[in-house]
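Biologist: I have a model on my screen and want to learn how to read it. Can we go feature by feature?
Modeller: Yes. Here it is.

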Amino acid sequence: MTAPAALNPLPAGAGTAPGPVLIVEDSPVQAEMLRRVVEGAGYEVQLAGDGAAALALARERRPAAVVSDVNMPVMDGYELCRRVHAEAGLADVPVILLTSLADTRDVIGGLNAGADCYVTKPYDEAQLLATLRTQIDAPSPPSCSAGCPPMRLRIGDAVHEVRPRDSRQLVGLLVSTYESAVYQNRQLRSVQDRLVAANRELEESNRTLEAAYAELRETQSRLVQSAKMASLGELVAGVAHEINNPLAFVLNHHATVSRALAQVGAEARPHLTPERARLLDKAAERLTDMAGGLERIRDLVVKLRTFSRLDAGEIRTIDVAEAVESVLTLLQHRLRDHIRVTRRFGPQASLECYPGPFNQVVMNLVANAVDAIDADARDGEIVITTSQEAEMMHIEIADNGKGMSDAVRERIFEPFFTTKGVGEGTGLGLSISFGIVRQHGGTLEAFSQEGVGTRMVVRLPLRQKVPAAATNTGAQT
Ligand SMILES: Nc1ncnc2c1ncn2[C@@H]1O[C@H](COP(=O)(O)OP(=O)(O)OP(=O)(O)O)[C@@H](O)[C@H]1O
Ligand SMILES: [Mg+2]
């Protein structure tokens, strides 16, 4: 606590030694703090722990002023004030009461006790010393022997009788009460300003927190997605492997059986009854059907393998436009006459990638676009756009097909999710493509509006950061 330098110590007076400032406080810690403040301003200080002790000290040596707590054991501040002013030699000793001023009735109590002024607790040192100095330096008031007449004041529901010592005490106490209120108001305002600033900071932190939370949720969903894909990849790889061995075996034997049946059938046919010959033909037909079925299983195994591990081969620099053209050639039979393909290829077409998987992505996207366009539509269109931005290649495949509902769009990258009929779609095209694009360090996004069309956007880095091992074969997605 620092004392204001401008304060003057107790004036020497006209020949009489100035008395001490009598501090009356039952809390030793509070008493010690008060003593330091008042002594720091150059006043002599005497301490008393309660009203009775204070009165005894004041009788021994007349104090220049009394600074007293209100709530104390033995004798409270009001009673002390009354007794001090009742003593012949102490009647004009100013009494400053320290109070929290939490209740309007405190003012009535102070007035009736003859207190000169209030200082609110927690006190401001400068305000306390300024009050003390004013009380000590003020010239003696003209005596008001008759005293002020008692007044009846209504505060809230109660009527109080007020008996001020004289007009000076009345005005002095009220003004000091007002000063304290002003001081407290100022304190409150500064607290309010700090609160507003803290609130603003809190809002800002809240916004940052919300953004971090959203990012966390997104990262989490990406992690879950990639974990799902990884474990599914393992499962699918196992299934594909288990199917592949017996499939190879069945395909070989199917070929052998077909050949044998053809040979034996040719030799035996002249000797067969018409019924047996029909049976032979039926067996040959069934073998052909089986070949179709086995072919579809083989296709599926190839897709499953690509899904589980990117059959990468080597990274090469390809011409994107050429790659797209080759895919379109392969899909020509599916484009038929009803779909027009518009090419908007940008000038820069070089891209570093695993060519096989890259072609597969384009193939899957174009095939989906074809499927989305009604076979009877006359104005079906697929627009393929390539462009380069910064270090990324953008490939966009847009169609004016049936589009997707939000519910479908949310699930299209899930393996085996399909809206196509049995035998028409496996639901692996986009999940495979998603894995391939991510393996290249790129992104695949879908924008769609039901009944209007779909835009699939692939973004790939122009250059691949080649991990030596990745050129080997498919790193797991
Ligand atoms: N361009 C598109 N327009 C409308 N729906 C689409 C489009 N592309 C994909 N879809 C929807 O996403 C689903 C999943 O597509 P995905 O390519 O993964 O599997 P699929 O085409 O059904 O089967 P396949 O394994 O033969 O590709 C499709 O069944 C379809 O409902
Ligand atoms: Mg597909």
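Modeller: Start in a loop. Pro122 sits between strand E5 (117-120) and helix H5 (125-137). Keep in mind that this is a predicted model.

Biologist: What kind of peptide bond joins Lys121 and Pro122?

Modeller: Read omega for that. The Lys121-Pro122 bond is cis, with omega about -5°.

Biologist: Which other loop should I look at?

Modeller: Go to the loop between strand E3 (65-69) and helix H3 (77-86), where you find Val74.

Biologist: What is phi of Val74?

Modeller: Near 65°. That is a positive value, and Val74 is not a glycine.

Biologist: Now helices. How do I read a pair of them?

Modeller: Take the angle and the distance between the axes, then the handedness, then the residues that touch. Try H3 with helix H4 (residues 105-113): their axes are 8 Å apart and the packing angle is about 20°.

Biologist: What do I call that arrangement of H3 and H4?

Modeller: Angles under 35 degrees count as roughly parallel. H3 and H4 are therefore roughly parallel to each other. The crossing of H3 past H4 is right-handed.

Biologist: Which residues meet there?

Modeller: From H3, Tyr78, Cys81, Arg82 and His85. From H4, Asp106, Gly109, Gly110, Asn112 and Ala113. By class, this contact of H3 with H4 has three nonpolar, four polar and two charged residues.

Biologist: Let me go back to H5. How does helix H1 (residues 28-40) cross H5?

Modeller: At roughly 60°, with the axes coming within 10 Å. So H1 and H5 are oblique to each other. Their crossing is right-handed.

Biologist: And which residues make that contact?

Modeller: H1 brings Leu34, Val37 and Val38. H5 brings Glu125, Leu128, Leu129 and Leu132. The tally for H1 with H5 is six nonpolar, no polar and one charged.

Biologist: Give me one more pair.

Modeller: Helix H8 (residues 320-330) packs on H10 at about 50°, and their axes are 9 Å apart. H8 is therefore oblique to H10. Here too, read the handedness: H8 passes H10 in a right-handed crossing.

Biologist: What does the contact of H8 with H10 contain?

Modeller: On H8, look for Val320, Ala323, Val324, Val327, Leu328 and Leu330. On H10, look for Phe358, Asn359, Val362, Met363 and Val366. The residues of this H8 and H10 contact are 10 nonpolar, one polar and no charged.

Biologist: Last topic: cavities. What is the general idea?

Modeller: A probe the size of a water molecule is rolled over the atoms, and this shows where empty space is left.

Biologist: How many cavities of 30 Å³ or more are found in the whole structure?

Modeller: Two. The largest holds about 50 Å³ of space.

Biologist: Which residues line the largest cavity?

Modeller: Phe358, Val361, Val362, Leu365, Ile395, Ile436, Val437, His440, Val458 and Leu460. Helix H10 (355-372), helix H12 (429-439) and strand E14 (453-461) each give two or more residues to this lining.

Biologist: Which element gives the most to the lining?

Modeller: H10, with four residues. Select Phe358 and Val362 on screen: they line the largest cavity, and they also take part in the contact of H10 with H8.

Biologist: And how does the lining divide by class?

Modeller: Nine residues are nonpolar, one is polar and none is charged.

Terms used. Residues are numbered from 1 along each chain as its sequence is written. Chains are lettered from A and ligands numbered from 1 in the order in which they are written. This is a predicted model: local features need pLDDT of at least 70, side-chain atom pairs count only at pLDDT 80 or more; totals for chains, interfaces and linings use all residues. Side-chain values use heavy atoms; hydrogens and water are left out. On a 1 Å grid over the protein atoms alone, a cavity is a set of points where a 1.4 Å probe fits but cannot get out, and a pocket is an open set with protein on both sides within 12 Å along at least five of seven lines; lining residues have an atom within 4 Å of a point. Grid points are joined across faces, edges and corners, and a volume is the space filled by probe spheres set on the points. Ala, Val, Leu, Ile, Met, Phe, Trp, Tyr, Cys and Pro count as nonpolar, Asp, Glu, Lys and Arg as charged, and the others, Gly among them, as polar. Axes are lines fitted to C-alpha atoms, for helices over the stretch in contact, and angles run from 0 to 180 degrees between N-to-C directions. Angles under 35 degrees count as roughly parallel, over 145 as roughly antiparallel, 65 to 115 as roughly perpendicular and the rest as oblique. A crossing is left-handed if the near helix is turned anticlockwise from the far one by less than a right angle, and right-handed if clockwise. Contact means heavy atoms within 4.5 Å.
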